[in-house]
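Please examine the sequence and the model shown below before reading on. The report that follows describes the fold, the interior and some individual elements.

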Amino acid sequence: MSSSTKAHFLAVRDALDLVDVEAVDAFINWLQHGHGTTYIAGNGGSAANASHLALHLVLSGRKAVSLTDNGPLFSAMANDLGYSASMSPGIFKGWEERNNDLLVVLSCSGTSANVIEFAGMLPVGLVGGILGPRRHTGPVQVKGAYMLHVEGSEDFGVIEDVQSAIIHAVAAAL
């Protein structure tokens, strides 16, 4: 095993050791009480993990949509309204009346304009997420009812691996 491979695995292990298991359980409980559709937002590797979480929610019998899975819609929204509006709840007519829908935000930095704009337009109780470290000093942080923070690394690859492990814990619990 190369030294960089071993270093990555050790960094993931160290970050997993810092995961707040009670917070993961609270996040799972929050997801279990959403009876509408769970919308999941993320960019890059977090978008891939958003699809991953949507898959497991659907397999468990829940309605779930990863907002970046529809490439034409996502790119049209970014092109026509600007990237920060690419996940805008404006595309979901009647969102405000559907208070049993949930939004899950996946972000390594917590500073992605499109994710922040979407999350910021919804009541805090409807928003949850798996984010990078709390100490991140970006201009804006996503806020929500149940936010899990991946501590112990600033490396997006490590954070995304921990996101994936949390998603598997969610799948096992559902």
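Does K63 count as buried or exposed? With a relative accessibility of 52%, K63 counts as exposed, because the cut-off for that class is over 50%.

## The model and its confidence

The structure is a predicted model. Its mean pLDDT is 80, and 80% of the residues score at least 70. Confidence varies along the protein: helix α1 (residues 3–17) has the highest mean, at 94, whereas strand β4 (residues 127–131) has the lowest, at 71.

## Overall fold

The protein contains six helices and five strands. Read from the N terminus, these elements follow the order α-α-β-α-β-α-β-α-β-β-α. Of the contacts in the protein with a separation of 6 or more, 67% involve residues 24 or more positions apart.

The protein has 174 residues, and 45% of them count as buried. Its accessible surface is about 8,400 Å²; carbon and sulfur atoms account for 57% of that surface.

## The nonpolar cores

In soluble globular proteins, nonpolar side chains tend to be buried together. In this model, the largest nonpolar core comprises 27 residues. Those with the most contacts inside this core are F27, L31, I40, L53, V104, I130 and I166. Two or more residues each come from α1, α2 (21–33), α3 (45–59), β3 (102–107) and α6 (156–173). Helix α6 contributes the most, with six residues.

Another core lies apart from the largest one and has 12 residues. Among them are L67, F74, M87 and F118.

## Strands β1 and β2

T37 belongs to strand β1 (residues 37–41), and K63 to strand β2 (residues 63–66). T37 counts as buried because its relative accessibility is 14%, and the cut-off for burial is under 20%. K63, by contrast, is exposed at 52%.

When neighbours within four places in sequence are set aside, T37 is in contact with K63, A64, V65, D101 and L102. On the same basis, K63 is in contact with G36, T37 and T38. K63 and G36 are 27 residues apart in sequence, yet their C-alpha atoms are 6.7 Å apart in space.

## Helix α3

Which residues of α3 are buried? They are S46, A47, N49, A50, H52, L53, A54, H56 and L57. These buried residues pack against β1, β2, β3 and α6.

The length of α3 can be checked by a simple calculation. At 1.5 Å a residue, its 15 residues should span 21 Å, because the expected span is 1.5 Å times one less than the number of residues. The end C-alpha atoms of α3 are 21 Å apart, which agrees. Just after this helix, G61 takes a positive phi of about 95 degrees.

## Helix α4

An α-helix has 3.6 residues a turn, so residues three or four places apart point the same way. In helix α4 (residues 71–81), the residues F74, M77 and A78 are buried. Seen down the axis of α4, its buried residues fall within an arc of 95 degrees, and therefore they line one face of the helix. On the other side of α4, P72, N79 and D80 are exposed.

One of the buried residues of α4, F74, is also among the members of the 12-residue core. The helix is followed by G82, whose phi is positive, near 100 degrees.

Terms used. Residues are numbered from 1 along each chain as its sequence is written. Side-chain values use heavy atoms; hydrogens and water are left out. Helices (H or I, at least four residues) and strands (E, at least two) are DSSP runs, numbered from the N terminus. Buried means under 20% relative accessible area, exposed over 50%, partly exposed in between (1.4 Å probe, protein chains only). Contact means heavy atoms within 4.5 Å. Accessible areas come from the Shrake-Rupley method with a 1.4 Å probe; for residues, only the protein chains shown count as cover. pLDDT is the predictor's confidence in each residue, from 0 to 100. A nonpolar core is a set of buried Ala, Val, Leu, Ile, Met, Phe, Trp, Tyr and Cys residues joined through side-chain atoms within 4.5 Å. The arc is that of the directions from the helix axis to the C-beta atoms.
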